[in-house]
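Please walk through this protein chain with its sequence and coordinates open. The paragraphs below start from one residue and widen out from there.

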Amino acid sequence: MMNGKFTMTFEQYLADPCPRPSLTRSTIKDLITKTPRHAFWNHPKLNPDFQPEESATHFDIGTAAHTIFLEGTDDVAVSLPYDDWRKKEAQAARDEARANGKVPLLAKQYDSVMSMVEVANKSLSESELGLKVELGEPELTYIWQEQPDDLYCRIRTDWINTERTIILDYKTTSKLAEPEDFSRVITQNGLDIQDAFYRRGVSEIEGTTPDFIFMVQEVDPPYLCSFIELDLQFQEMGKEKVKRGLHLWRECIKSGVWPSYSNRIYTVEPPSYSLAQWEMRKAG
């Protein structure tokens with residue numbers, strides 16, 4: 001058994017450090033919004049051909065801001081003295097930085113990240129939470145076993161306070177951090193599952209009942225932040241999805257069968273908006 005909280009690298013976490021394949025938020029999302037076969041394919045301990053996804057360049061700013069803000073270090077980012085990546089010299093420097101495990105940033109991008117972090121710290125301390133990142137721990141891995149069959153589960157919190165009563169999940173966006181807009185992102189990306197599953201894991205190990213807060217920051221000036229909590233109905237839906245994911249995981253682990261789409265032929269109907277659009281075109 002290895003129930004508890006641990007400090008490990010992101011790569012170690014992604015590789016699944018548990019003795020047996022463990023369940024994560026992303027696996028639950030695959031199980032209930034795609035198919036169990038997708039969950040199998042995307043799992044490092046189930047799929048013998050598993051290959052981790054490479055981080056896309058457009059995520060570099062968010063990755064750097066995430067690390068510097070939450071961990072208080074800029075060791076991850078490299079500021080390179082170029083205006084863009086078009087020249088071969090700039091591309092070579094970028095590739096070398098990646099090979100050394102660093103996030104390569106143009107000088108202007110690095111300056112933007114540092115400005116983002118400054119705004120993020122100020123926004124967090126002046127928010128209703130009144131927190132400072134120094135009063136908690138970043139990037140903790142929680143591992144626990146679900147009964148009665150000892151199924152391993154794991155999560156990695158962005159940040160949790162010392163009292164283990166607040167989980168802060170930091171997101172960056174190239175769009176607006178407006179809460180009503182972000183509610184659509186929550187549904188699309190399965191963040192309601194994350195809310196429920198992370199609360200469940202921390203409660204299991206710490207014995208607390210933590211609040212879960214999304215801190216969303218825009219990557220464009222003035223780098224505004226918003227703080228978002230799911231209402232009780234949203235939370236309940238997340239819990240139901242986690243329950244469904246656990247059920248499917250148990251069934252597939254026990255049987256060794258990971259179903260895909262059915263082989264039967266489906267007859268599909270046009271969506272109502274498509275029919276309405278066609279009727280309007282005919283009338284015109």
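Is I228 buried or exposed? The model is a predicted one, and in it I228 has a relative accessible area of 8%. I228 is therefore buried, since the limit for that class is under 20%. The residue belongs to strand β8, which covers residues 225–228. Apart from its neighbours within four places in sequence, I228 is in contact with P179, F182, I186, F212, I213, F214 and V216. Its C-alpha atom is separated by 34 Å from that of P148, a residue 80 positions away along the chain.

Two of the residues that touch I228 are F212 and F214. These two phenylalanines form an edge-to-face aromatic pair, with 4.9 Å from centre to centre and 65° between the planes. Both are buried: the relative accessible area is 0% for F212 and 0% for F214. Together with F182 and Y198 they make up one aromatic cluster. Over the whole structure, a search finds seven aromatic pairs.

F214 also leads into the nonpolar interior. The largest nonpolar core has 35 residues, and L23, F197 and F214 are those with the most contacts inside it. Elements that give two or more residues to this core include the helices α2 (25–33), α3 (36–41), α7 (179–188), α8 (191–206) and α9 (232–255). Strands β4 (136–146), β5 (151–161) and β7 (211–218) do so too. A second core, separate from this one, has 24 residues, among them F69, Y110, W159 and I166. In soluble globular proteins, nonpolar side chains tend to be buried together.

L23 shows how parts of the chain meet in the largest core. Leaving aside neighbours within four places in sequence, L23 is in contact with I28, L31, Y152, C153, R154, F197, L246 and W249. I28 and L31 are among the buried residues of α2, along with T27, K29 and D30. The buried residues of this helix pack against α3, α7, α8 and α9.

C153, one of the contacts of L23, raises the matter of disulfides. Why is C153 in no disulfide? The nearest cysteine sulfur, that of C18, is 8.5 Å away, and a disulfide needs the two sulfur atoms within 2.5 Å, so the pair does not qualify. The count for the structure is zero disulfides. C18 and C153 are both buried, at 1% relative accessibility for C18 and 0% for C153.

The backbone has a few points to check. Most residues other than glycine have a negative phi, and most peptide bonds are trans. The peptide bond from Q147 to P148 is cis, with omega near 10°, and P148 is placed in the loop between β4 and β5. D150 lies in the loop between β4 and β5 as well; this residue has a positive phi of about 60° although it is not a glycine. With a relative accessibility of 32%, D150 counts as partly exposed. A cis peptide bond also joins P221 and P222, where omega is about 5°. P222 is in the loop between β7 and β8. Another positive phi, near 70°, occurs at D16, in the loop between α1 (10–14) and α2. D16 is buried, with a relative accessible area of 3%.

Two arginines are placed over aromatic rings. The charged end of R37 sits over the ring of F40, 4.5 Å from its centre. R264 lies over the face of Y266, at 4.4 Å from the ring centre. R37 is also touched by S260, as is T35, not counting residues up to four places away in sequence. S260 is in the loop between α9 and α10 (272–283) and is partly exposed, with a relative accessible area of 46%. In the sequence S260 is 169 residues from Q91, and the two are 41 Å apart in space, C-alpha to C-alpha.

Last, the chain as a whole. Its secondary structure comes to 10 helices and eight strands, and the C-alpha trace spans about 65 × 55 × 45 Å along its principal axes. Of the 284 residues, 41% are buried. Among contacts with a separation of 6 or more, 69% come from residues 24 or more positions apart. The accessible surface is about 16,600 Å², and carbon and sulfur atoms account for 51% of it.

Technical notes: Residues numbered from 1 in each chain as written. Heavy atoms only, no water. Core = buried A, V, L, I, M, F, W, Y, C linked by side-chain atoms within 4.5 Å. Buried < 20%, exposed > 50% of the residue type's maximum accessible area, 1.4 Å probe, protein only. Helix = DSSP H or I, 4+ residues; strand = E, 2+ residues; numbered from the N terminus. Contact = heavy atoms within 4.5 Å. Phe/Tyr/Trp six-rings, centres within 6.5 Å; stacked < 30°, edge-to-face > 60°. Lys NZ or Arg CZ within 6 Å of the ring centre and 35° of its normal. Areas by Shrake-Rupley, 256 points an atom, 1.4 Å probe, with all protein chains shown as cover.
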